[in-house]
Amino acid sequence: MGDRWHVEVDRSVCIGSAMCVNTAPDGFRLDSARQSHPVEADGDANERVLAAAEGCPVEAITVALADTGEVVFPPED
């Protein structure tokens, strides 16, 4: 069994660019306020979701290992 991730979007940072939706349409949706949210907060590791997090222009998306909370993205300083 592979890694499971927990995905969060900081809605106070999200600018609604929809880049995450374009990169991972199965992983993110925009609501009526054009704020992003994950389709499912917890799920199997998904390279498209990671690519969406990496491509977010304001780094509003955090991806962490679901079982430990260890942050996968963004890298911790």
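Let me start with Cys14, which counts as buried in this predicted model because its relative accessibility is 14%, under the 20% limit for that class. Cys14 is placed in the loop that connects strand 1, residues 4-9, with helix 1, residues 19-23. Leaving aside residues up to four places away in sequence, Cys14 is in contact with Val9, Arg34, Gln35, Ser36, Val58 and Ala60. One distance may help with orientation: Arg4 and Cys14 are ten residues apart in sequence, and their C-alpha atoms are 24 Å apart in space.

One of those contacts, Gln35, deserves a closer look. Gln35 sits in the loop between strand 2, residues 28-30, and strand 3, residues 36-38. Is Gln35 buried or exposed? Its relative accessible area is 15%, and Gln35 is therefore buried. Apart from residues up to four places away in sequence, Gln35 touches Arg11, Cys14, Arg29 and Leu30.

I turn now to the interior space. How many cavities of 30 Å³ or more does a search of the whole structure find? The search returns one. Of the 15 residues lining the largest cavity, those closest to its centre are Cys14, Ser17, Cys20, Ser36 and Cys56. Cys14 thus appears in this group, and Ser36, also in the group, is one of the residues that Cys14 touches. The space in the largest cavity is about 80 Å³. As for the chemical character of the lining, twelve residues are nonpolar and three are polar, with no charged residues.

Finally, let me go back to strand 1, the strand that precedes the loop of Cys14. Its side chains alternate between two faces. Trp5, Val7 and Val9 point to one face and are buried, whereas Arg4, His6 and Glu8 point to the other and are not buried. Val9, on the buried face, is also among the contacts of Cys14.

Which strands are joined to strand 1 by bridges? Strand 4, residues 42-44, is joined to strand 1 by three bridges, and the two run antiparallel. Strand 5, residues 61-65, is joined to strand 1 by five bridges, again in an antiparallel arrangement. His6 can serve as a reference point for both pairings: His6 stands opposite Asp42 in strand 4, and opposite Ala64 in strand 5.

To close, I return to the residue with which I began: Cys14 is buried, touches the buried residue Gln35, and belongs to the group closest to the centre of the largest cavity.

Definitions and conventions:
Residues numbered from 1 in each chain as written. Predicted model: local features only at pLDDT ≥ 70, side-chain atom pairs only at ≥ 80, totals over all residues. Heavy atoms only, no water. Helix = DSSP H or I, 4+ residues; strand = E, 2+ residues; numbered from the N terminus. Buried < 20%, exposed > 50% of the residue type's maximum accessible area, 1.4 Å probe, protein only. Contact = heavy atoms within 4.5 Å. Pairing = 2+ DSSP bridges. 1 Å grid on protein atoms, 1.4 Å probe; cavity = no way out; pocket = protein on both sides within 12 Å on 5 of 7 lines; lining within 4 Å. Points joined across faces, edges and corners; volume = space filled by probe spheres on them. Nonpolar A, V, L, I, M, F, W, Y, C, P; charged D, E, K, R; others polar.
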